[in-house]
Amino acid sequence: MMSLSAMCLGLFVNPPLSPQYTLWNFLPKNLFEQFRRIANFYFLIIFLVQVIVDTPTSPVTSGLPLFFVITVTAIKQGYEDWLRHRADNEVNKSNVFVVENAKQVRKESEKIKVGDIVEVKADETFPCDLIFLASSSTDGTCYVTTASLDGESNFKTHYAVRDTTVLCTDEAIDTLTATIELCPSCTLSLGPENLLLKGATLKNTKKIYGVAVYTGMETKMALNYQGKSQKRSAVEKSINAFLIVYLCILLGKATVCTTLKYVWQSNPFNDEPWYNEKTKKERETFKVLRMFTDFLSFMVLFNFIIPVSMYVTVEMQKFLGSFFISWDKEMFDEEIQEGALVNTSDLNEELGQVSTGCVCICLDGDVDGSALPARSPCSGIPHAPLGPDREELFLRALCLCHTVQIKEADQVDGLMAHPERKYTYISSSPDEIALVKGAEKYGFTFLGLENNFMKIRNQKNETEMYQLLHVLNFDPVRRRMSVIVRTSTGKLLLFCKGADSSIFPRVQQEEIQQTKVHVDRNAMDGYRTLCVAFKELTEKEYDRIDRQLNEAKMALQDREEKMAKVFDDTEADMHLIGATAVEDRLQEQLAETIEALHAAGMKVWVLTGDKMETAKSTCYACRLFQTSTELLELTARTVGESERKEDRLHELLLEYHKKSWTLSQEYGLIIDGSTLSLILNPSQDSGSSNYKSIFLQICLKCTAVLCCRMAPLQKAQIVRMVKNTKGSPITLSIGDGANDVSMILEAHVGIGIKGKEGRQASRNSDYAVPKFKHLRKLLLAHGHLYYVRIAHLVQYFFYKNLCFILPQFLYQFFCGFSQQPLYDAAYLTMYNICFTSLPILAYSLLEQHISIDTLTSDPQLYMKVSDNAMLQWRPFLYWTFLGAFEGLVFFFGVYFLFQNSSLEDNGKVFGNWTFGTIVFTVLVFTVTLKLALDTRFWTWMNHFVIWGSLAFYVFFSFFWGGVIWPFLKQQRMYFVFAHMLTSVSTWLAIILLIFISLFPEILLIVLKNIKEKNHQVRNKMMYHTPLAPLCPALLPRQSGFWAWQGQQEAWQPACAASPSPLTLGGALHHHILVQLLWEVAAPAQSCRGQQGRCCC
Amino acid sequence: IKPSSPCNKCLNVSWDSTPPCTCTINFTLEHSFESNVFMYYGLSNFYQNHRRYVKSRDDSQLNGDNSSLLNPSKECEPYRTNEDKPIAPCGAIANSMFNDTLELYRIDNDTRTPITLIKKGIAWWTDKNVKFRNPTGDGNNLTALFQGTTKPVNWPKPVYMLDSEPDNNGFINEDFIVWMRTAALPTFRKLYRLIERKNNFQPTLQAGKYSLDIAYNYPVHSFDGRKRMILSTISWMGGKNPFLGIAYITVGSICFFLGVVLLFIHHKYGNRNTSADIPN
């Protein structure tokens, strides 16, 4: 349990956070933690009772299993903690160089103090938060990648504090005495660009100096680290409920026995017959005390009904079972050479429970470099009469207006390799890369940035140089970015690129019309659109802008606002030169996967930062919405503007609510971020607090919900909202970007896609898969199987302990309620840890009651296990009755057998230990064979373990009874087992009893088989006869399937038709259609999604 | 086989009454017993499986361990020591050993012919030879070996005087060993004697009148118990056991019935199955 935090910490470990134990405190602390668990504590109490009170069984019988369980758990946790220590040491013990007295001193990174001047070399990670003082490059810049922090793998430029830039050697840096705080008069402005955060990595810069400002727990990374709360699975809750039932049974039994004992003993010759006198001590104790100890003794005697080894088995099952997910070859991705990753083994079975909940998928585009940019004449109509010049300008704009960097060959996390090229483009936004590559297709290649000159190779293979003067960075509010460059001829140009809504108001109005049509059409088709505009600046204008920009950058207060204002002023009165469209190509098998999830009864919610049109068409493309789906829109468009918003929203909600109650129609809901915040945080007035519930009701009625323009926090909000609805559905979030992390952490099960946007999502997730399509197998096959396995495991455990203890309970009625154990102590001890533990463990690891292929191909099977179906009270009662039945059969079978004078052919008689041994033998065989009956998937391991356990039991019994053990006080079992086997009647009785016990089970299997066959036959007939349409149960899904296939085909040609000659149109207005891979997932929405949308 | 009448007078005997109260019970065998006959005594309402009782023994003492002989286990309380001397064998089980003497006579024309009762071969071989051993020491004189111990409170004689034969005396006395194997249920039987078939021409016990002489020492009335004597023959699968037979017959017939039903169902659906396959 505690181990969870370890794994999710990953690289983020920080000394005070992660390891829980040291070598010294491991034992006490771990024991304390373990005994905080109710079950363990219970067994500890039982153990102590056994030590203190005179109980029927020796303390060993419950002490040994408890010791075993505790040891196994301790080893597991110790191992995990060791891993944490190791990860910590990597970070904390790594050496850093600290400049002291003009000399480099080597220090361990955990010993850095605030104020130390630290030297960091290229490709090293910053050991703490630093103020950037100087770098090896004279201009005082350095490049940093924050891939491990937020998943953005591009290089960000950071600037040294201006006054210290020159101090670029050890000696020089030592002369720095002024402290920033003490120098209020010479105020320097420090911004984020001066701060180097712990965890980020220095790139492309030889070395830098920085002064440590925050260390340890105070670093931004540590502060941002969201402690991951422990996720508990529904199964565990069921287990606890069952435990309580069994605890009640236990208490009930003990009470009944104690009461009856004293009723029985009220007869003096029963209490103390002449042949069986009490000891002096017994006679002298008070009656109340005696009753109490009797009660405790019965508790001890029956305590095995609470399966001591269940927890450890469940834990082992989860721990080992998670390997099966990571080993799954089908979930191995060739491209990134990685398979699935399991960060939390505690939730395996929860994967099989997602059915009721929502799959929150964040859609966001991601580019794959291997996808070739295709030029599309989707809008072939020339927009402005500017001729080819305009086209070139457009391409130049694409080449210049971006923040793409060139990375030589060397791989950086999250990059795409270009085998044929010596370099790759890297950028925070895949769209930018797509656009640059698109331009390259048309002959304009961006060659990189050198000394502030951007080099471009144009169509004629000449190199053009542009001096980069300013980059007006992208921000989510403006939703655009600009660059100001000076051409080689001295002209000053400003290129601006951004979302249509932010560009159109800033360009000549007459230019808009035509472009708008194309943009809208492209957006409808699911492309991500951007508009590009430019303007020429005069020297005078530029000077003013330059000055203003510098001023704003230096401003100490309201810097953001000032900057925004300057940007706003600068990016005005531009000329529209064109629009781009980037296609997100859906990740392979995305649609099929979503369809399968749908069929499995899951509600799919798409949470994306994209604009509505794009998201909507994507949803169509991935079949989330079908043509037959009626869409209910709750967006800025339908709700309208300003004041009347709330009323209008209210009306809409009510209307949709009414609509959604008619079941005949499938509904899809679209909602955008602003409307959602209106619903979730309504203004005080209007009695609109019930918006939320109405909204939820609508949502639950809809087959699919699309939420666009979501901020990361909103995503988490939605997940929380769904989580807390009635029936508390199990939610699953899947995403691949840093902005999905909050959502992934919030959901019951968080899945990260090992995307190209860094590892943030996969690191914080419970499971990480390489591709979205793997979700299908993960849920439908693994999830289903794990759920079935663990449910069976839990039920089986309760069952086997019930029929273990029931005969013991019944025996009390025949031994004067004297707490005489039926079984020998060795059997009591070994039953749960040796004789019956391994078969069920093997079963719970390997069982496939339905083959994986069937499971993946028939999503409807998933619904069978939804709602925790196998751990509801009905199956629990079934198992309990089965256990009780078998317990009765065992005991009374042998009881009647013992009515006979002698069971041996030489007339000799058996004693009470033989009685118990016969019951126990029948028990072990029945319980194991029952499991064998349940096993549908036999591997050599199952055979080995099942038959091995039985053989071990027989062997052990011989061995245990074959020797006079000097350490035992009583040789109760001496040759009891061997003698038992010499009796033919015993053999016959054992076989008979095993058969009777299993009889209901066998009968059930036979009946089920008949039913299934019957079913199959009927299905077959339905399928192959003209009657088929009359069988509504089966076909709707099928027909739906075909319907959409048709739709999809229609959709594809629409696209295929587009590649026609660009040259024909001589289009000025180029719509570059870059085909992108859709990685559905995540989304970087705040930082990446929006950037993706606008800045590129 | 315990009519209460003739022995009623003995109901209130105590352990050490000397001479013992004796009584005779007459009975008639309807059929002759052809093969070896096993003679059991049965007790009812005697909780030999009571926990306090079951654990009240010292197996290492019974195994001939000399130190345990003189210092029995605490489990034997309150039958551990008597007058500061260790009890051998200690414990409640040993103390309450069945000590009635049964003798069987065949009454043939008013002459009572005693029937030979064999008292060896009634205990488990492993018990007699491994688990139970007399203490070891110089010589074979049991009296000397048990020096320093005292007899169980209820016993009339010490343990080394249980039988005249040395290989059936002391801890390895078979009656004693049989008694020490505690019964599973409060109503139980224990093997008392064997009656071997003498020759092939005569049944072991002919039909006719018999009388059983009982030296009544063992009080059961105080706990509402009863005593019985059972004569039984044994087949290859043990004594007469109606349970197994009935159970097998019941289960067998249920299975057969279900088998027929299922066969019928299978037949029915099998037909449908084939007919459905044809369109394929």
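When I speak of helices and strands this morning, I mean runs assigned by DSSP, with at least four residues for a helix and at least two for a strand. Please also keep in mind that what we are looking at is a predicted model.

With that in hand, let me begin with residues 243-265 of chain B, a span that is 100% helix and 0% strand, and whose end C-alpha atoms lie 33 Å apart. The UniProt record, in an unreviewed entry, lists residues 243-265 of chain B as a "transmembrane region".

Now to the sheet in chain B, which is open, has three strands in the order S7-S2-S9, and is paired in antiparallel fashion. Its edge strands are S7, residues 188-195, and S9, residues 226-233, each of which pairs on one side only. From one strand to the next, the twist averages 25°. As a general reminder, strands of a sheet pair through backbone hydrogen bonds, either parallel or antiparallel.

Looking at the individual pairings, strand S2 of chain B, residues 37-44, is joined to S9(B) by eight bridges, the two strands running antiparallel, and within that pairing B:Leu43 has B:Lys227 as its bridge partner in S9(B). Towards S7(B), S2(B) makes seven bridges, again antiparallel, and here B:Tyr41 finds its bridge partner in B:Lys190 of S7(B).

Why do we describe strand S7(B) as largely enclosed by the rest of the structure? Taking buried to mean under 20% relative accessible area, seven of the eight residues of S7(B) are buried, and the strand is therefore largely enclosed by the rest of the structure.

Definitions and conventions
Residues are numbered from 1 along each chain as its sequence is written. Chains are lettered from A and ligands numbered from 1 in the order in which they are written. This is a predicted model: local features need pLDDT of at least 70, side-chain atom pairs count only at pLDDT 80 or more; totals for chains, interfaces and linings use all residues. Side-chain values use heavy atoms; hydrogens and water are left out. Two strands pair if DSSP finds at least two bridges between them. Axes are lines fitted to C-alpha atoms, for helices over the stretch in contact, and angles run from 0 to 180 degrees between N-to-C directions. UniProt positions are given in the numbering used here, feature names are shortened, and annotations may be inferred rather than shown by experiment. Buried means under 20% relative accessible area, exposed over 50%, partly exposed in between (1.4 Å probe, protein chains only).
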